[in-house]
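User: Could you walk me through this structure with a few questions and answers? I would like to see the reasoning behind each reply.

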Amino acid sequence: MGKAPEAAHRWFREARYGMFIHYGLYSLLGRHEWALCYERIPAEEYRQLAARFNPRELCIRDWARLARANGMRYMCLTTRHHEGFALFDTQAAPEFSSVATIGRDLVAEYVEACHAEGLGVGLYYSVGNWLDEGFVRGPQADPVGWHRFVTVAQTQLCELMMQYGPIDYLFYDGCPPPETWDAEGVNAEIRRLQPNILISSRCELDEDVVSAEGYTIADPGTTWETCLTTNSSWGYNAGDPDWKTPRQIALTLLTCAHNGGNLLLNVGPDAEGALPAPAVELLNEAGAWVHRHAEAIYGTAPHPFAYADQKLSTSRGNTAYIGLHAYHGPETTVAGIGNRVDAARLLGSGEAVDFRQEGNRLLLTGLPRAMPDPLLPVVALTLDGDPVGVPNPLLNHAKYQF
Ligand code: GLC
């Protein structure tokens, strides 16, 4: 399991829920973080955005407060996206950074905010850089330019590892093939500088964290994370109305937990660094659900019974948590339980639920008529010991078993 120390993996896997932040020059345009590419904006014109970059003081504190208030346990900030603008102090390309334009090291502010709120520190870094001609031309067409581009990226990665104290997580993006920038050597150096860091396998090498962008994977043996954005853009997009619903977030988070993974939920602050109101509302509503269901989420084990029988379940010790993602009123059957069930209760209200057992079938008979949680109800079962699953004889093909 990965290369980082076991304790780092454990921390990450128990944390379950994090906040992803996409913030950069594209936030000033408000037309998706790929505007430079999609609209083929001339490099010179795009670079001029840097002069207008001016986030409000303390906006980063607000992001971190919101994350913590809503049950997120770590953050991940785009320290440099595909546009190449660095939100940190860099000697490698000093002229194109927040320090050069406004004298502010936003990564330093961010790390401080994470610490203040007790959140794990994740840094996103795009190796690819659309404003670097060497990168755009490629290693064959322009070996000298490529070498220059690689040197900047390698140096900046080391700067990020050296300037801000312990970093918990490095999230790679936009990586060219690993052999073209010595990803292996770079990662070895990163681990030397940050022995406890978790490195994303998005560099196309088998590192620590597998990234599933926009989907979830059933791979509890691996440390993995779904990243998902709150609407359809990662960076601020004033014209994107496709906000996810709080229920979608709750369902995705419980699905991640059921499969042993994390959810990194993205928000794109606007030009000033303010989070769009619909994103804040969404995080707050989803966060209220997370708080009501915290014991089913953090530090839980994935699908304690038969994976294919019960879509969303987690456990801790002898307590199993069953998500009722389709709600059918007073009666619901949960099949495949090999334990004696001693008690059942609804999370949130704590209300006891009547039940009876028929073989491996648990019949919950005392659920409220109306859905007891506005987003997604979860029932906690107290078992007579560690959860025991009973395989479904109708699904006895190997691919359905775990
Ligand atoms: C993609 C996109 C990017 C976004 C990222 C988030 O690779 O290029 O804009 O930052 O995924 O996971």
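Happy to help: what follows is a set of questions and answers on this predicted model.

User: Let's begin with the ligand. Which residues surround the ligand?

Analyst: Good place to begin. A residue belongs to this shell if one of its heavy atoms lies within 4 Å of the ligand. The residues that surround the ligand are F20, H22, E33, W34, H81, H82, Y124, D173, R202, E213, C227 and W234.

User: How do the residues of that shell divide into nonpolar, polar and charged?

Analyst: The shell includes F20 and W34, as well as H22, E33 and E213. Sorted by class, the residues of the shell come to 5 nonpolar, 3 polar and 4 charged.

User: How far is an oxygen atom of the ligand from a polar side-chain atom of E213, and how much of the ligand does the protein bury?

Analyst: A polar contact here needs N or O atoms within 3.5 Å. The side chain of E213 meets that cut-off, with a polar atom 2.8 Å from an oxygen atom of the ligand. Taken alone, the ligand exposes 310 Å², and the part of this that the protein buries is 90%.

User: Which residue has a side-chain N or O atom 2.5 Å from an oxygen atom of the ligand?

Analyst: Two members of the shell help here, H22 and E33. For E33, a side-chain N or O atom is 2.6 Å from a ligand oxygen. The distance of 2.5 Å from a ligand oxygen belongs to the side chain of H22.

User: Now the sheets. Which strands are at the edges of the open sheet of 8 strands?

Analyst: The order of this open sheet is β5-β4-β3-β2-β1-β8-β7-β6, and the pairing is parallel. An edge strand pairs on one side only, and that holds for β5 (198–199) and β6 (210–213). The edge strands are therefore β5 and β6.

User: Which residue of β5 stands opposite L170?

Analyst: Strand β4 (residues 169–173) pairs with β5 in the parallel sense, over 2 bridges. Opposite L170, the residue in β5 is I199.

User: Strand β16 also interests me. Which residue of β16 is the bridge partner of Y321, and which is the partner of R345?

Analyst: Strand β16 runs antiparallel to β11 (residues 319–323), joined by 5 bridges. Strand β13 (residues 341–346) is also antiparallel to β16, again with 5 bridges. As for cover, 5 of the 6 residues of β16 (residues 378–383) are buried. The bridge partner in β16 is A380 for Y321, and for R345 it is A380.

User: In the hairpin of β14 and β15, which residue takes a positive phi?

Analyst: Strands β14 (residues 355–358) and β15 (residues 361–364) run antiparallel and are joined by 4 bridges. Among the paired residues, Q357 has L362 as its bridge partner in β15. There are 2 residues between the strands, and the one with a positive phi near 60 degrees is G359.

User: On to the helices. Why do the buried residues of α10 lie on the same side of the helix?

Analyst: The buried residues of α10 (residues 183–193) are A183, V186, N187, I190 and R191. They lie on the same side of α10 because they cover an arc of only 135 degrees around the axis. On the other side, E184 and R192 are exposed. The value that places the buried set is thus an arc of 135 degrees.

User: Is V152 buried or exposed?

Analyst: V152 is found in helix α9 (residues 143–162). The cut-off for a buried residue is under 20% relative accessible area. At 18%, V152 falls under that limit, so V152 is buried.

User: Two residues that are not glycines have a positive phi, R16 and D182. Which of these is partly exposed?

Analyst: R16, with a phi of about 70 degrees, is in the loop between α1 (6–15) and β1 (17–21). Its relative accessibility is 2%, so R16 counts as buried. D182, with a phi of about 50 degrees, is in the loop between β4 and α10. With a relative accessibility of 43%, the partly exposed residue is D182.

User: Last one: how far apart are the C-alpha atoms of Y164 and E109?

Analyst: Y164 is in the loop between α9 and β4. At 8% relative accessibility, Y164 counts as buried. Y164 and E109 are 55 residues apart along the chain, and their C-alpha atoms are separated by 9.8 Å.

Terms used: Residues numbered from 1 in each chain as written. Predicted model: local features only at pLDDT ≥ 70, side-chain atom pairs only at ≥ 80, totals over all residues. Heavy atoms only, no water. Polar contact = N/O pair within 3.5 Å; in protein donor to acceptor, adjacent residues only side chain to side chain. Areas by Shrake-Rupley, 256 points an atom, 1.4 Å probe, with all protein chains shown as cover. Nonpolar A, V, L, I, M, F, W, Y, C, P; charged D, E, K, R; others polar. Buried < 20%, exposed > 50% of the residue type's maximum accessible area, 1.4 Å probe, protein only. Arc of directions from axis to C-beta.
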